[in-house]
Amino acid sequence: MQALTNRAKVVDRKPMTFIERLYLWNILKGMFITFSHIFKKRPTINYPEKKRPFSPVFRGLHVLNRDEEGRERCTACGLCALACPAEAITMEAAERKIGEEHLYREEKYAARYEVNMLRCIFCGLCEEACPKDAVYLSETPAPPNFTRESFIYKKEDLLIPDPTKEPEAFKKAKGLS
Amino acid sequence: MSEQLIKVTIDNITLEVPAGTTILNAARMVGGEVAPPAMCYYSKLEGSGGKCRTCLVEVSKGSEKDPRPMPKLVASCRTTVMEGMEVKNITSEKVIDARNGVVEMLLINHPLDCPVCDQAGECDLQDLSYGHGKAGTRYEFPRRTFDRHDLGPYIQLHMTRCILCYRCVYVADQLTGKREHGVLDRGDHSQIATYIERSLENDFIGNVIDVCPVGALTDRTFRFKNRVWFLKPMNAHRDCPKCSGRVTLWNRGEEVYRVTARKDQWGEIENDENGKTGWICNECRFEKKQTSDWVIEGPRDISRQSVISQNHYLKVEEPQNVLPEVMGGRNPKLLMDIHDVSDVNKPEIHLSEIQGPATSQTFEDNSNINPQ
């Protein structure tokens with residue numbers, strides 16, 4: 001058959017000469033590539049002594065935010081759960097009673113709020129959907145664990161520390177200190 | 001006279017309608033985008049309409065005999081068609097502009113608490129403001145506020161969200177058979193008040209929830225229980241001595257969270273098989289919260305544009321489960337049952353059965369929730 005392009009090479013099936021059979025030149029060529037890596041920049045780091053910086057848009061574990069008075073911002077509107085493509089978020093709402101105004105920002109709040117980190121794909125659509133600035137993805141990657149149960153994050157695990165009661169912990173969680 | 005058909009052109013679409021039809025109803029015959037939005041007009045309620053001004057249209061030609069255009073935009077729900085009339089709705093810049101203004105006006109005192117409001121997802125005002133509203137407000141004064149009010153054990157009144165469409169007043173008037181005026185005071189202070197509370201004894205007063213275009217009147221038995229888009233609407237019926245008994249159930253799993261009348265594409269209550277409006281009684285609406293009370297007809301058809309149909313997978317064919325076959329008849333071992341870990345949606349707890357909204361007490365003490 002006539003070649004369609006001029007890129008095809010005819011395979012040379014001639015028997016190798018003695019010099020070629022010694023492979024000296026080819027071994028030298030190969031070793032040159034190997035040793036040249038000594039002078040190149042190392043692609044690895046000594047984890048965990050050294051850690052790489054995260055990208056500024058890194059998305060890690062969820063955080064449920066509070067306002068400056070320490071009240072929970074979440075109103076259990078369900079938009080995060082609606083936006084979630086992995087259906088990882090579930091919640092149950094409750095009505096704020098009289099006397100609970102210092103705990104919850106609005107009339108309605110999330111009595112229970114759970115994120116299933118086994119399902120979560122950390123896409124960040126929940127924080128985009130949130131109309132109350134309540135849910136954020138932090139810079140903490142989800143820690144590994146041996147049990148599946150530990151990947152169900154409840155409201156207590158997600159809530160940011162109260163800025164009025166634990167200002168230090170709050171600052172740390174915000175990454176300010 | 002009623003058999004006489006007259007020709008009318010709406011947005012360059014010509015159709016023949018019976019004499020005496022309003023422009024709005026003629027436009028609804030065309031359907032789709034051509035039908036102007038209506039917040040106060042309700043075809044099932046006599047005398048409704050003419051208050052919200054969202055259905056304004058431009059009449060570019062009055063009639064065949066008098067072809068002059070009408071000087072101002074007219075409320076299409078109150079203006080009847082004339083022979084040869086030409087109407088511009090979405091084809092008119094003026095109408096779109098006026099409608100944007102009306103929406104801005106309606107939203108002046110609206111609290112915009114959609115994340116809290118139970119009507120969110122099926123709210124006419126929400127749809128309207130997404131279509132026509134501005135992102136910001138030009139209003140600099142504190143908004144008009146009222147305390148929320150319990151109208152009996154079943155109905156919650158949030159006067160702050162009210163747009164004064166008078167639909168509930170007409171319902172109270174026309175279904176209860178008493179002359180009741182529900183709106184007290186004037187202008188900025190006008191509010192739906194005690195008169196409507198007085199007629200709460202009536203068996204059909206729950207229908208004010210369905211006619212309310214905003215979240216001002218909501219179901220207390222459903223309050224904060226769930227969001228409408230997480231529920232599955234199902235057509236169902238039961239033999240009710242008082243009403244037609246044809247309803248939409250809003251289920252989640254086996255639980256009935258809410259019962260409403262069936263609404264058509266204009267958000268109005270559908271007619272039953274006898275051609276009467278399918279108002280439903282309070283017993284059907286508030287007290288029959290068991291699936292066993294109802295005969296389920298099938299899933300309700302919800303517009304694909306609605307948030308309610310979001311994440312509802314219809315006509316799903318489950319793939320054949322080959323695992324037991326491959327594993328010699330054994331089912332795969334379940335490594336974690338989510339209900340063992342999760343506190344949300346416990347199968348033994350029926351949130352839909354507690355009276356009124358859940359509070360912190362409900363969640364502290366599970367004995368308040370009927371175990372089943």
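This briefing describes the confidence, sheets, cores and chain contacts of a predicted model. The model scores ipTM 0.83 and pTM 0.82. Chain B holds 10 helices and 14 strands, and its C-alpha trace spans about 85 × 50 × 50 Å along the principal axes. In contact with 23 residues of chain B are 24 residues of chain A.

**Confidence and overall build of chain B**

- The mean pLDDT of chain B is 86, with 93% of its residues at 70 or more.
- Residues 367–372 of chain B have pLDDT below 50; this stretch nevertheless has 13 contacts in the model beyond near neighbours in sequence.
- Chain B has 372 residues, of which 39% count as buried.
- Among contacts in chain B with a separation of 6 or more, 59% join residues 24 or more positions apart.

**The five-stranded sheet of chain B**

- Five strands of chain B form an open sheet with mixed pairing, in the order β2-β1-β5-β3-β4.
- Its edge strands are β2 (13–18) and β4 (74–75) of chain B, each of which pairs on one side only.
- Strand β1 (residues 5–10) and strand β5 (residues 85–88) of chain B run parallel and are joined by three bridges; within this part of the sheet, B:Ile10 has B:Val87 of β5(B) as its bridge partner.
- On the antiparallel side, strand β3 (residues 56–61) of chain B is joined to β5(B) by three bridges, and B:Lys61 stands opposite B:Glu86 in β5(B).
- β3(B) also pairs with β4(B), in the antiparallel sense and over two bridges; B:Leu56 has B:Ala75 of β4(B) as its bridge partner.

**Helices on the five-stranded sheet**

- Helix α1 (residues 23–30) of chain B lies across β1, β2, β3 and β5 of chain B and runs at about 120° to β2(B).
- Helix α2 (residues 93–106) of chain B also packs on the sheet, where it touches β3 and β5 of chain B. The direction of α2 in chain B makes about 160° with that of β3(B).

**The four-stranded sheet of chain B**

- A further open sheet consists of four strands of chain B in the order β13-β12-β11-β14, with antiparallel pairing.
- Strands β13 (255–261) and β14 (295–299) of chain B lie at its edges, each pairing on one side only.
- Neighbouring strands of this four-stranded sheet are turned against each other by 35° on average, direction ignored.
- Strand β12 (residues 246–252) of chain B pairs with β13(B) over six bridges in the antiparallel sense; among the residues concerned, B:Arg252 has B:Glu255 of β13(B) as its bridge partner.

**Nonpolar cores and helix α4 of chain B**

- The largest nonpolar core has 78 residues, and B:Cys168 and B:Val208 have the most contacts inside it.
- Helix α4 (residues 167–176) of chain B gives the largest share of this core, six residues.
- A second, separate core has 33 residues and includes A:Val63, A:Ala88 and A:Ile89 together with B:Leu351.
- Leaving aside residues up to four places away in sequence, B:Val208 touches B:Ile155, B:Cys168, B:Val171, B:Ala172 and B:Leu217.
- Because eight of the 10 residues of α4(B) are buried, this helix is largely enclosed by the rest of the structure.
- The buried residues of α4(B) are B:Arg167, B:Cys168, B:Val169, B:Tyr170, B:Val171, B:Ala172, B:Asp173 and B:Leu175. Three of the names in this set, B:Cys168, B:Val171 and B:Ala172, also appear among the residues that B:Val208 touches.

**Contacts between chains A and B**

- The contact between the chains involves 24 residues of chain A and 23 residues of chain B.
- Strands β2 (89–95) and β3 (108–116) of chain A each supply at least two residues of the side of chain A that touches chain B.
- The largest share of that side, six residues, comes from β2(A).
- By class, the side of chain A that touches chain B comprises 13 charged, eight nonpolar and three polar residues.

Note on methods. Residues are numbered from 1 along each chain as its sequence is written. Chains are lettered from A and ligands numbered from 1 in the order in which they are written. This is a predicted model: local features need pLDDT of at least 70, side-chain atom pairs count only at pLDDT 80 or more; totals for chains, interfaces and linings use all residues. A nonpolar core is a set of buried Ala, Val, Leu, Ile, Met, Phe, Trp, Tyr and Cys residues joined through C-beta atoms within 7 Å. A residue is buried if 20 or more other C-beta atoms lie within 10 Å of its own, exposed if 12 or fewer, and partly exposed in between; C-beta atoms are placed from the backbone. Two residues are in contact if their C-beta atoms, placed from the backbone, lie within 7 Å. Two strands pair if DSSP finds at least two bridges between them. Axes are lines fitted to C-alpha atoms, for helices over the stretch in contact, and angles run from 0 to 180 degrees between N-to-C directions. Ala, Val, Leu, Ile, Met, Phe, Trp, Tyr, Cys and Pro count as nonpolar, Asp, Glu, Lys and Arg as charged, and the others, Gly among them, as polar. pLDDT is the predictor's confidence in each residue, from 0 to 100.
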